[in-house]
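Take a moment to turn the model around on your screen. Then read on for a short tour, one spot at a time.

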Amino acid sequence: LGECFEQLRMIKMYRTPQALRAFGRLFTMFLPAFYAPSFAQLAFELNSLPIGIVFAVIAPLALCALFESVDVLEDPFVA
């Protein structure tokens, strides 16, 4: 039992560094703005505005879901 507590304490102490998590959060927020021209180009080439909008909505949602799932997996005390 003591060994299990020690393992949990080590997971809590040696998780992803704060700077790396901050970079991931900023990356998740600002990356879709850089992809916006490619979404517009996709909509223009396919002559379908809804497809461009769908891709523009799905990309940030997928990035946010990925970041949040990593955050939950790395800290067992929050989830």
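Asn47 counts as exposed, because its relative accessibility of 70% is over the 50% cut-off. Keep in mind that we're looking at a predicted model here. To find Asn47, go to the loop between α2 and α3. Its backbone has something worth a look too: phi of Asn47 is near 55°, which is a positive value in a residue that isn't glycine. Most residues other than glycine have a negative phi.

Now zoom out to the whole chain. How many helices and strands does the chain have? There are 3 helices and 0 strands, and starting from the N terminus the order reads α-α-α. The chain has 79 residues, and 14% of them count as buried. Its accessible surface comes to about 6,300 Å², with 75% of that belonging to carbon and sulfur atoms. What about contacts along the chain? Among those with a separation of 6 or more, 69% are between residues 24 or more positions apart.

One case of residues that are far apart in sequence is Asp71 and Arg21: 50 residues separate them along the chain, yet their C-alpha atoms are 8.5 Å apart in space. Asp71 sits in helix α3, which covers residues 49-74. Is Asp71 buried, partly exposed or exposed? At 24% relative accessibility, Asp71 counts as partly exposed.

Next, a charged pair. A search of the whole structure turns up 1 salt bridge. Its partners are Glu68 and Arg25, and their closest N and O atoms are 3.7 Å apart. Glu68 belongs to helix α3 and Arg25 to helix α2, so this pair ties together parts that lie 43 residues apart in sequence.

Here is how some of the residues on this tour compare with the solvent-exposure classes:

| Residue | Relative accessible area | Class |
|---|---|---|
| Leu1 | 78% | exposed |
| Arg25 | 40% | partly exposed |
| Glu68 | 39% | partly exposed |
| Asp71 | 24% | partly exposed |

Leu1, in the top row, lies in the segment before α1, the helix of residues 2-13. Which residues make a nonpolar surface patch with Leu1? They are Phe5, Leu8 and Ile11, and the patch comes to about 430 Å².

Last stop: empty space. Rolling a probe the size of a water molecule over the atoms shows where such space is left. The largest pocket has a volume of about 200 Å³. Its lining is made up of 13 residues, and those nearest its centre are Leu20, Gly24, Thr28, Phe67 and Val70. Which elements give two or more residues to that lining? They are α2, running over residues 18-46, and α3. Helices α2 and α3 are also the ones tied together by the Glu68 and Arg25 pair.

Definitions and conventions
Residues numbered from 1 in each chain as written. Predicted model: local features only at pLDDT ≥ 70, side-chain atom pairs only at ≥ 80, totals over all residues. Heavy atoms only, no water. Helix = DSSP H or I, 4+ residues; strand = E, 2+ residues; numbered from the N terminus. Buried < 20%, exposed > 50% of the residue type's maximum accessible area, 1.4 Å probe, protein only. Contact = heavy atoms within 4.5 Å. Areas by Shrake-Rupley, 256 points an atom, 1.4 Å probe, with all protein chains shown as cover. Patch = residues over 30% accessible without salt bridge, like charges linked within 9 Å, V, L, I, M, F, W, Y side chains within 5 Å. Salt bridge = Lys/Arg side-chain N within 4 Å of Asp/Glu carboxyl O. 1 Å grid on protein atoms, 1.4 Å probe; cavity = no way out; pocket = protein on both sides within 12 Å on 5 of 7 lines; lining within 4 Å. Points joined across faces, edges and corners; volume = space filled by probe spheres on them.
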